[in-house]
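Here is a short walk through one protein model. Keep the sequence beside the structure as you read.

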Amino acid sequence: MIRFDNVYKTYRTGTDALRGVSFHIDDGEFVFVIGKSGSGKSTIIKLMTREEKPTEGVVYIDHFPVSRMSRTLIPVLRRHIGMIYQDFRLIESKNVFENIAFAGEIVGMPRKELIQTVDIVMSVVGLRHKAAAMPLELSGGEQQRVAIARAMVNDPRLILADEPTGNLDPMTSESIMALLEEINRNGTTVVVCTHDSNLVDRMQKRVIEISEGQICRDCKAGGYSGETTDSCLPEVTV
Ligand code: ADP
């Protein structure tokens with residue numbers, strides 16, 4: 001579903017954010033992208049959503065070279081991707097229902113279908129009873145659940161989460177990860193960028209580790225701590 005083919009990204013400032021990154025993520029996988037702050041994790045996400053273009057190399061989603069697609073197709077790409085951020089990015093003047101519905105409105109979902117869909121995704125994240133609440137009346141964990149519901153409204157095949165638990169306490173973080181895991185079990189591919197080592201260790205998912213813009217580990221069911229296990233692939237080189 002996702003393929004990075006020898007991707008380099010140098011920002012205008014001259015910073016080499018990615019240096020020859022290649023990996024492949026299949027449909028239905030749950031993958032952590034880990035690494036220190038500044039290692040290039042967000043850049044990987046931005047290349048998938050076409051917020052940025054690679055300096056060299058190609059990014060494919062479903063065999064489609066998104067790094068080369070025309071600007072007019074970018075909204076179509078983004079319709080198929082659900083985004084989740086560390087700071088939730090909810091609209092403070094809209095209630096829970098309206099925040100979630102907004103994602104369907106901007107792609108022109110018919111009203112009746114939208115109302116039903118929002119109702120379903122609110123149930124999935126356990127917030128149906130908070131439909132009329134405003135974001136600032138919610139805890140951080142509840143706000144992130146709203147953001148997850150919003151990401152699900154257009155039934156994306158791919159969810160990208162950039163430090164989704166960065167503002168949450170450990171217990172709430174676990175419940176958010178459990179929710180993402182449940183969404184993944186229902187067939188959605190999930191990619192989570194994080195430096196939350198405890199969570200990654202516990203979840204035993206595939207881990208792609210990046211250091212200074214290069215992949216230093218791609219491990220099928222590994223933890224964050226860096227020990228090599230039998231299921232670890234050897235260091236990935238291009
Ligand atoms: P991470 O998500 O792992 O913290 P990033 O992908 O955000 O890493 O950043 C990788 C490197 O690229 C860092 O050195 C960062 O300062 C730099 N960088 C990120 N975005 C930009 C930008 N828009 N312009 C210039 N440099 C950037």
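Two strands count as paired if DSSP finds at least two bridges between them. The model is predicted. With that in mind, begin at the N-terminal strands. Strand β1 covers residues 2-10 and pairs with β2 in the antiparallel sense. Seven bridges join the two. One of the residues to look for is Y8, whose bridge partner in β2 is R19. Five residues lie between the strands of this hairpin. There, G14 takes a positive phi near 100°.

Now follow β1 to its other partner. Strand β4, residues 56-61, pairs with β1 in the antiparallel sense over five bridges. Here R3 has Y60 in β4 as its bridge partner. Put these pairs together and an open sheet of four strands appears, in the order β2-β1-β4-β5. Its pairing is antiparallel. Which strands stand at the edges? They are β2 and β5 (64-65). Each has a single partner strand, so one side of each is left without a neighbour in the sheet. An edge place in the sheet can still be an enclosed one. Seven of the 10 residues of β2 (residues 16-25) are buried, so the strand is largely enclosed by the rest of the structure.

Next, the interior. In soluble globular proteins, nonpolar side chains tend to be buried together. The largest nonpolar core in this model has 42 residues. Those with the most contacts inside it are F32, I100, V118, I148, V153, L180 and V192. Many elements feed this core. β3 (30-34), α3, α4 (111-124), α5, β7 (158-162), α6 (170-185), β8 (189-194) and α7 (197-203) each supply at least two residues. Which element gives the most? It is α5, with six residues. Apart from this core lies another, of 30 residues. V33, I61, Y85 and I215 are among them.

Take L180 as a way into the packing. Leaving out residues up to four places away in sequence, L180 touches F30, I84, I148, I159, P164, V190 and V192.

Two residues of helix α6 deserve a look. I176 lies in this helix. Is I176 buried or exposed? It is buried, with a relative accessible area of 0%. Beyond its neighbours within four places in sequence, I176 is in contact with G141, Q144, R145, I148, T165 and L168. R157 is 19 residues from I176 in sequence, and their C-alpha atoms are 19 Å apart in space.

N184 lies in α6 too. N184 is buried, with a relative accessible area of 9%, under the 20% cut-off for that class. What does N184 touch, not counting residues up to four places away in sequence? The contacts are G28, E29, F30, T189 and V190.

Finish at the largest pocket. About 560 Å³ of space lies in it. The lining has 21 residues, and R78, I81, M83, A103 and I106 lie nearest the centre. By class, the lining holds 12 nonpolar, four polar and five charged residues. α2 (74-79), β6 (81-85), α3 (96-105) and α5 (140-152) each supply at least two of them. The largest share comes from β6, with four residues. Two of these elements have already appeared: α3 and α5 each supply at least two residues to the 42-residue core.

Definitions and conventions:
Residues are numbered from 1 along each chain as its sequence is written. This is a predicted model: local features need pLDDT of at least 70, side-chain atom pairs count only at pLDDT 80 or more; totals for chains, interfaces and linings use all residues. Side-chain values use heavy atoms; hydrogens and water are left out. On a 1 Å grid over the protein atoms alone, a cavity is a set of points where a 1.4 Å probe fits but cannot get out, and a pocket is an open set with protein on both sides within 12 Å along at least five of seven lines; lining residues have an atom within 4 Å of a point. Grid points are joined across faces, edges and corners, and a volume is the space filled by probe spheres set on the points. Ala, Val, Leu, Ile, Met, Phe, Trp, Tyr, Cys and Pro count as nonpolar, Asp, Glu, Lys and Arg as charged, and the others, Gly among them, as polar. A nonpolar core is a set of buried Ala, Val, Leu, Ile, Met, Phe, Trp, Tyr and Cys residues joined through side-chain atoms within 4.5 Å. Buried means under 20% relative accessible area, exposed over 50%, partly exposed in between (1.4 Å probe, protein chains only). Contact means heavy atoms within 4.5 Å.
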